[in-house]
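Grab a pencil and have a go at the exercises below. Try each task by yourself before you read its solution.

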Amino acid sequence: YFEYVKDEIQSADFAIANLEVTLGGKPYKGYPAFSAPDEYLTAIHNAGFNVLITANNHSLDRGRKGLERTIQLIDSLKIPHAGTYLNAEERENKYPLLLEKKGFRIAILNYTYGTNGIPVTPPNIVNYTDTTIISKDIEASKTMNPDAIIACMHWGIEYQSLPDKEQKFLTDWLLRKGVNHIIGCHPHVVQPIEIRKDSLTNGKHLVVYSLGNYISNMSARRTDGGLMVKMELVKDSTTRLNHCEYSLVWTARPVQSGKKNHQLLPINFPTDSISVNARNSLRIFANDARSLFSKHNRGI
């Protein structure tokens with residue numbers, strides 16, 4: 001899956017991904033209630049992803065067993081994660097998620113708008129988007145003396161290329177409350193990226209409204225690819241966003257590529273090595289994303 005992007009993934013100190021499936025065991029299932037093979041998690045880990053977020057609308061696809069088994073498998077590989085918990089005590093001990101490396105302390109928050117109408121089974125916890133709870137979590141983050149607080153939000157309207165009112169409201173609210181950067185998932189298509197400048201502190205805040213898709217089997221226009229976003233933080237007396245960039249990736253599905261597995265291809269992949277059909281789809285995805293970004297991106 002990750003052969004052509006793993007160098008990029010491994011170059012990061014923290015490579016964070018949204019795990020939008022359960023590892024619920026057999027029988028493995030696709031849409032609408034996902035259960036991925038355990039080997040998928042190993043592949044993600046081997047590719048270089050070293051932090052996972054798990055609060056999304058598919059967190060409860062396999063009910064209590066799926067949520068708990070997913071957490072247990074992630075823990076067995078010692079991958080830090082945020083978003084879903086076995087019980088309140090575990091959430092209390094592990095959330096907000098604090099990442100530490102090279103003298104930096106990064107607090108990670110993660111929430112989802114819902115779980116496709118499936119209720120969570122106590123004592124399990126899924127982090128839902130509730131401003132009262134998020135407000136407390138942001139305050140808890142601040143007590144950890146982090147250099148940055150990053151909120152990963154599962155939000156927005158599927159297949160819409162622009163953020164909706166709620167995304168915009170939550171973005172302003174989160175930044176006002178003290179979150180530094182916001183990364184969004186869920187719409188299955190890419191949405192614009194903004195770097196907001198704080199007029200008081202001159203600090204810069206990264207807002208990615210939607211990363212689009214990564215590994216997925218979607219084939220409709222604009223759903224067959226997504227984004228990897230890289231941010232570099234530096235600190236002296238303060239911590240700041242020093243550099244930020246994105247790269248587009250397109251998902252080659254076996255039906256197009258003739259290969260055994262899905263593969264993520266960087267947008268500048270040498271297209272003479274893939275079929276004409278795949279080449280055209282990659283080009284359409286790239287052109288759509290670039291056209292959206294040239295109109296709506298700010299500061300990146």
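## Exercises on buried cysteines, a helix and odd backbone spots

**Exercise 1.** Work out whether C152 is buried or exposed, and then what that cysteine's bonding looks like.

Solution. Start with the cover: C152 is buried, with a relative accessible area of 5%. (Buried means under 20% relative accessible area, exposed over 50%, and partly exposed in between, using a 1.4 Å probe and protein chains only.) Before going on, a word on the source: this is a predicted model, where local features need pLDDT of at least 70 and side-chain atom pairs count only at pLDDT 80 or more, while totals for chains, interfaces and linings use all residues. Residues are numbered from 1 along each chain as its sequence is written, and side-chain values use heavy atoms, with hydrogens and water left out.

Next, look for a partner. A disulfide is a pair of cysteine sulfur atoms within 2.5 Å, and the structure holds zero of them. For C152, the nearest cysteine sulfur is that of C185, 7.2 Å away. Seen from the other side, the sulfur of C185 has its closest cysteine sulfur in C152, and that distance of 7.2 Å is too far for a bond. C185 is buried too, with a relative accessible area of 7%.

**Exercise 2.** Check the length of helix α6 against what is expected, then find what covers its buried residues.

Solution. First, the span. Helices (H or I, at least four residues) and strands (E, at least two) are DSSP runs, numbered from the N terminus. Helix α6 runs over residues 165–177, so count one less than its number of residues and multiply by 1.5 Å to get the expected span. With 13 residues, α6 reaches 18 Å from first C-alpha to last, close to the expected 18 Å.

Second, the buried side chains: Q167, L170, T171, W173, L174 and L175 are buried in α6. Here's a handy rule: an α-helix has 3.6 residues a turn, so residues three or four places apart point the same way.

Third, the cover. Counting contact as heavy atoms within 4.5 Å, the elements over those buried residues include α5 (131–142), β8 (148–154), β9 (181–185), β10 (190–197) and β11 (204–211). Finally, step off the end: just after α6, G178 takes a positive phi of about 120°.

**Exercise 3.** Find where the cis peptide bonds before P32 and P96 sit.

Solution. Take P32: the bond from Y31 to P32 is cis, with omega near 5°, and P32 lies in the loop between β1 (16–18) and α2 (38–47). Now P96: the bond from Y95 is cis, with omega near -5°. P96 belongs to the loop between α4 (88–94) and β5 (97–101).

**Exercise 4.** Say where Y159 and H188 are located, and whether each is buried or partly exposed.

Solution. Y159 isn't a glycine, yet its phi is positive, near 70°. You'll find Y159 in the loop between β8 and α6, partly exposed at a relative accessible area of 39%. H188 also has a positive phi, about 70°, without being a glycine. The loop between β9 and β10 holds H188, which is buried at 11%.

**Exercise 5.** Zoom out: how many helices and strands are there, and what share of the residues is buried?

Solution. Count the elements and you get eight helices and 14 strands. Then check the cover: buried residues make up 48% of the 300 residues.
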